[in-house]
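These are my notebook entries on what I looked up, one topic at a time.

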Amino acid sequence: MIVKMKFLNISGPRTDIDRLISTYLSKYEIQLEQAITELKTTDNLLPFLEVNPYKDPLTKATQFVGFLKDPFVVPDSTPTTDEILALIQECNQEYLNLLERQDILKKSKDELKEHLNIVAPFKGLDFELEKVIHFKYIKARYGRIPIDFYKKLEKYLYDSMGVIFVEGGRDVNYVYGTYFVANAESFKTDTTLKALHFDAVQLPTDAYGTPQEAAETLKRHIAETDKELEQLDQDISDIFNSRAARLAGAKQRLEDLSQNFDVRKLAARMKHEDDEMYVLCGWMSEDDAEKFMVETKNDEQIIVVIDEGRSKHFGDPPTKLKNPKVFKPFEMFIRMYGLPDHNEMDPTIFVALSYTFIFGVMFGDVGQGLCLVIGGGLLYFIKKINLAGIIALAGIFSTFFGVMFGSVFGFEDILKPTWIRPLSAMTDLPFIGKLNTVFIVAVAFGMGVIILSMILHIINSIRSHDMEATWFDANGVAGLVFYAGIVVTIVLFMTGKALPGGIILAVMFGVPLILIALKEPITKKIQRRAEKMEESKGMFLVQTFFELFETLLSYFSNTLSFVRIGAFAVSHAAMMQVVLMLAGAESGNINWIVVILGNLFVCGMEGLIVGIQVLRLEYYEMFSRFYKGSGREFKPYKNKDKK
Amino acid sequence: MGNILTYSGIVTKVRAMQAKLLTPEDYKNIAALGSVPDIVAYLREKPAYRDILANLDDDMIHRGNIEKLLMQSFYGDYTRLFRFAGMHQKQFLKLYITQHEVQLINYCLRIVFNHYEAPFDLDYKKLFFDSYTQLSIDRLITSKNIEELVDNLQGTEYYAPLKLLRDSNAATLFDYDLALDLYAFSTLWKKRKKVLKNKELEVFTRDCGSQIDLLNMQWIYRAKKYYNMTPPDIYSLLIPINYRIKTDLLRELVECPSLNEFVSIARKTSYAQKYNFDQGYTLERMYTECLYHLHLADRRSNPNSIAVVNTYLFLKELEINQLTTVLECVRYNLTPSETMRYLGGIIK
């Protein structure tokens with residue numbers, strides 16, 4: 001069902017807007033519209049230009065709540081707004097202080113790491129770094145030299161020079177080490193080694209002992225810094241965790257406050273004599289609107305006006321669906337296709353019944369059906385997944401048809417079929433021959449569904465006062481007469497009864513077809529619209545012919561499309577037969593693991609395919625005949641369910 | 001003889017191309033010509049240069065343009081050999097062309113370092129380098145400074161050694177040149193074992209090793225004669241490979257105090273023993289002559305091997321160098337006998 005909507009205008013003194021929202025509007029579902037654009041007819045409307053004071057605290061609060069270890073802490077909602085703001089301020093101050101410290105520590109850690117990188121390659125040197133530097137008669141130089149040049153040094157120069165090179169380690173490109181040279185020789189040696197691209201390294205001042213020791217000391221310092229950083233993280237998290245409940249409460253409250261404040265974005269203000277007034281407008285369901293009127297009657301500050309001539313100024317109302325709880329999950333399918341327009345009928349119940357019914361036929365198995373009911377039901381009630389609810393309902397029909405077909409987890413010999421066995425029941429038809437009974441029943445059912453869809457289309461068209469669609473459309477009365485005529489003829493033929501006379505047939509088929517073909521000019525004539533035809537007569541005829549051809553084809557293909565219902569009923573039985581064969585049911589000793597796995601596989605796979613196929617039937621075969629789905633969704637400004 | 005099947009095709013092709021090389025007679029004739037256009041006219045009669053020079057307009061006859069065209073002739077020969085070669089021979093040819101890649105990068109380095117106004121006159125090399133080398137001239141010529149140039153080499157084998165140099169900052173053009181040359185020779189020396197086997201490896205090792213030895217000697221000589229470099233500096237620019245000159249001998253060469261002593265030590269090398277070092281031979285001439293004889297000997301003793309291809313390419317490059325020299329001599333109005341002296345009497 002579609003809920004009736006009312007368009008409300010609410011106004012009052014400008015300063016009163018917050019009270020209005022928190023005391024009244026937060027209780028009701030209302031879809032607020034942009035007042036300035038909606039109320040085009042009213043002059044001198046101005047926008048509210050106020051900065052939301054809660055936005056900043058809210059982002060901070062959201063960030064802080066993110067630090068909480070237990071995100072589901074029970075919020076403490078007692079503090080007042082001022083207390084909340086103070087709390088956020090306080091937390092933020094502490095947080096920033098710690099961040100600053102963190103920054104300093106990180107920097108010193110980077111520095112230590114850098115020093116480590118300098119010292120580490122000299123690991124192989126087995127003496128204390130700073131001692132060597134302070135030798136009196138010998139100079140020591142730390143550095144690195146490219147490997148190629150190091151080789152040259154070894155090969156050609158080393159023997160003839162008064163230098164000792166101690167290698168500390170090497171990587172792909174460089175040899176790291178120290179060379180020692182007597183003071184007197186130092187200048188010559190320095191130039192020589194410089195020529196060989198020796199790159200002197202300034203050792204960090206905080207490196208003591210042997211390089212190995214220095215590296216370890218540095219590593220220890222880094223580890224200590226890491227620990228401090230960890231402690232700091234802990235401290236930061238403590239700030240927030242010690243106030244967990246209050247913060248969570250603050251966040252919630254701020255969200256509300258901020259959201260309420262943002263109502264201003266949709267509101268307009270207006271000069272009224274000396275006072276400034278606010279104006280809000282939006283859609284509310286009829287019941288809510290009445291209650292709201294009663295509640296605000298005694299409030300002198302608030303003026304509420306229900307606007308009856310809504311469609312003149314404010315466009316179509318949004319669509320809000322309201323269905324019995326059992327059918328609620330099926331609203332998902334409607335949303336996927338598009339919500340009904342405000343004067344269209346809500347197809348939810350129709351979908352719910354047809355979907356579950358067809359699913360049941362295609363997936364008839366008592367055992368698996370019950371599994372679907374239980375599994376789907378549990379999921380729906382625990383996790384609130386709409387699809388699970390749909391599956392559970394569909395499972396009921398599965399079980400029902402399982403009884404009809406006599407199938408339990410694929411075993412066909414436990415239950416006696418109440419109706420038929422889809423796989424083996426055959427019917428003899430004239431002209432066509434022997435055929436599975438379920439196929440014939442499926443097509444017949446399809447014909448019924450198509451006729452029903454056409455009737456629904458006619459009802460919808462009458463409601464929207466669309467004469468062309470009511471009478472001359474392929475789904476209108478003309479189409480209905482034509483299609484029903486064909487159905488009756490086929491039924492008569494198949495059951496072996498005598499067909500009506502040729503003239504009756506000609507009238508029954510011919511007249512509606514001509515009406516469908518010429519629907520546009522006829523409608524124009526009746527409504528006395530003197531529009532000229534846009535194209536030439538020849539073009540019109542060609543176009544009409546092909547359109548008619550397409551219409552006929554679609555009657556045919558849509559009808560045959562329903563064969564799939566029977567086909568899946570048969571295929572389910574066949575697939576289960578294969579499972580049982582694999583499990584060795586024929587030889588007597590059944591492998592139960594294979595039966596269980598096979599059932600799981602068939603249940604999952606067929607369930608999925610059938611679910612999709614039925615949805616396809618709904619959308620393509622039925623909706624395309626009567627349903628537009630051009631409505632827009634009712635999006636209340638404040639959703640009560642959220643709380 | 002096992003190679004005869006593999007090599008019969010390419011050897012025949014090389015023979016045919018070899019026949020088009022200029023003879024000593026030709027050089028004499030060219031040296032005797034009076035002007036550059038005359039030389040062009042003469043070369044137009046020669047099958048090796050006929051097609052390439054045919055497109056040259058008379059008003060475009062200029063030494064620079066002619067040199068570019070002569071280089072095209074080498075690229076043409078290389079292309080022909082490459083297309084004709086099998087997988088294995090292609091690998092060798094790729095190794096061979098690295099020398100030209102290094103030359104190209106060095107050229108770019110010079111331009112970038114010296115901030116020339118109208119840089120990168122490389123269009124004539126583009127076609128060849130795009131098809132047969134890992135360098136992309138289109139990318140290289142967009143380089144504005146050394147950083148970009150090194151970046152543009154990304155994806156080639158030269159990127160790693162140059163990047164190392166770039167990261168160490170204070171590097172000069174000389175450092176880059178040197179690093180590149182050292183890298184090229186070291187990889188050539190390393191890769192030769194992968195590309196070649198057995199006898200071929202032996203032959204190539206001799207050619208390549210001798211070239212490196214001779215280059216090292218040449219560099220030491222020049223470093224001493226023109227730049228007065230100290231021994232450590234000289235060591236740093238040597239190719240770190242010894243072939244026939246042992247470490248001790250090389251050290252003596254580097255550390256000897258004067259050029260005269262250098263010459264007397266150089267005489268001890270096996271290269272000087274083979275080729276007369278006294279008759280006014282410069283080191284440069286010794287270098288060319290040694291390699292020339294070495295290559296010819298290789299071809300003679302291994303007529304069915306990669307040596308034939310190697311020798312041909314060597315001779316072709318030599319020919320182009322000689323022609324360039326002759327063109328310069330003629331341009332500056334040297335007498336034929338002087339010109340022939342510059343040619344070094346290698347072509348007897």
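Entry 1, chain B as a whole. Before counting anything I fixed the term: two residues are in contact if their C-beta atoms, placed from the backbone, lie within 7 Å. I also note at the outset that this is a predicted model. With that term in hand, I looked at the contacts in chain B with a separation of 6 or more, and found that residues 24 or more positions apart account for 61% of them. The secondary structure of chain B comes to 19 helices and 0 strands. Of its 348 residues, 28% count as buried.

Entry 2, a helix pair in chain B. I took α1(B), residues 4-18, and α5(B), residues 63-84, which pack at an angle of about 160° with their axes 10 Å apart. Angles over 145 degrees count as roughly antiparallel, and α1(B) and α5(B) are therefore roughly antiparallel to each other. The crossing of α1(B) past α5(B) is right-handed. On the α1(B) side I listed B:G9, B:I10, B:K13 and B:M17, and these meet B:D77, B:L81 and B:F84 of α5(B). Sorted by class, this contact holds 4 nonpolar, 1 polar and 2 charged residues.

Entry 3, where the chains touch. I then asked how many residues of chain A are in contact with chain B. The count is 12 residues of chain A against 12 residues of chain B. On the chain A side, α6 (147-157) and α7 (186-195) each supply at least two residues. Of the elements there, α6(A) gives the most, with 7 residues. The class count for this side of chain A is 5 nonpolar, 3 polar and 4 charged residues.

Entry 4, a sheet in chain A. I traced an open sheet of 4 strands in the order β5-β6-β4-β7, with antiparallel pairing. Its edge strands are β5 (163-170) and β7 (199-200), each of which pairs on one side only. For the pairing of β4(A), residues 138-146, with β6(A), residues 174-182, I recorded 9 bridges in the antiparallel sense. Two positions in this pairing were worth writing down: A:I145 has A:V175 of β6(A) as its bridge partner, and A:G143 stands opposite A:G177. I turned next to β5(A) and β6(A), which pair in the antiparallel sense over 7 bridges and are joined by a hairpin through 3 residues. In β6(A), the residue opposite A:V166 is A:T178. As a reminder for reading such positions, side chains in a regular strand alternate between the two faces of the sheet.

Entry 5, another hairpin in chain A. I looked up β11(A), residues 426-429, and β12(A), residues 433-436, which run antiparallel and are joined by 4 bridges. A:L429 stands opposite A:G433 of β12(A). The hairpin has 3 residues between its strands, and in the turn I noted A:F431, whose phi is positive at about 75°.

Entry 6, a helix pair in chain A. Two packed helices are described by the angle between their axes and the distance between the axes. For α14(A), residues 366-383, and α15(A), residues 386-405, I have an angle of about 160° and axes 7 Å apart. The pair α14(A) and α15(A) is therefore roughly antiparallel, and its crossing is left-handed. From the list of residues that meet, I noted A:G369, A:L372, A:V373, A:G376 and A:Y380 among those in α14(A), and A:A388, A:I391, A:G395, A:S398 and A:G402 among those in α15(A). The full contact divides into 12 nonpolar, 9 polar and no charged residues.

Entry 7, one residue late in chain A. I located A:R632 in the segment after α23 (592-626) of chain A, and asked whether A:R632 counts as buried, exposed or partly exposed. A:R632 has 15 C-beta neighbours inside 10 Å and so counts as partly exposed, since a residue needs 20 or more to be buried and 12 or fewer to be exposed. Leaving out residues up to four places away in sequence, A:R632 touches A:P318, A:T319 and A:L339. I checked A:L339 in particular: A:R632 and A:L339 are 293 residues apart along the chain, while their C-alpha atoms are separated by 6.3 Å.

Notes. Residues are numbered from 1 along each chain as its sequence is written. Chains are lettered from A and ligands numbered from 1 in the order in which they are written. This is a predicted model: local features need pLDDT of at least 70, side-chain atom pairs count only at pLDDT 80 or more; totals for chains, interfaces and linings use all residues. Two strands pair if DSSP finds at least two bridges between them. Ala, Val, Leu, Ile, Met, Phe, Trp, Tyr, Cys and Pro count as nonpolar, Asp, Glu, Lys and Arg as charged, and the others, Gly among them, as polar. Axes are lines fitted to C-alpha atoms, for helices over the stretch in contact, and angles run from 0 to 180 degrees between N-to-C directions. Angles under 35 degrees count as roughly parallel, over 145 as roughly antiparallel, 65 to 115 as roughly perpendicular and the rest as oblique. A crossing is left-handed if the near helix is turned anticlockwise from the far one by less than a right angle, and right-handed if clockwise.
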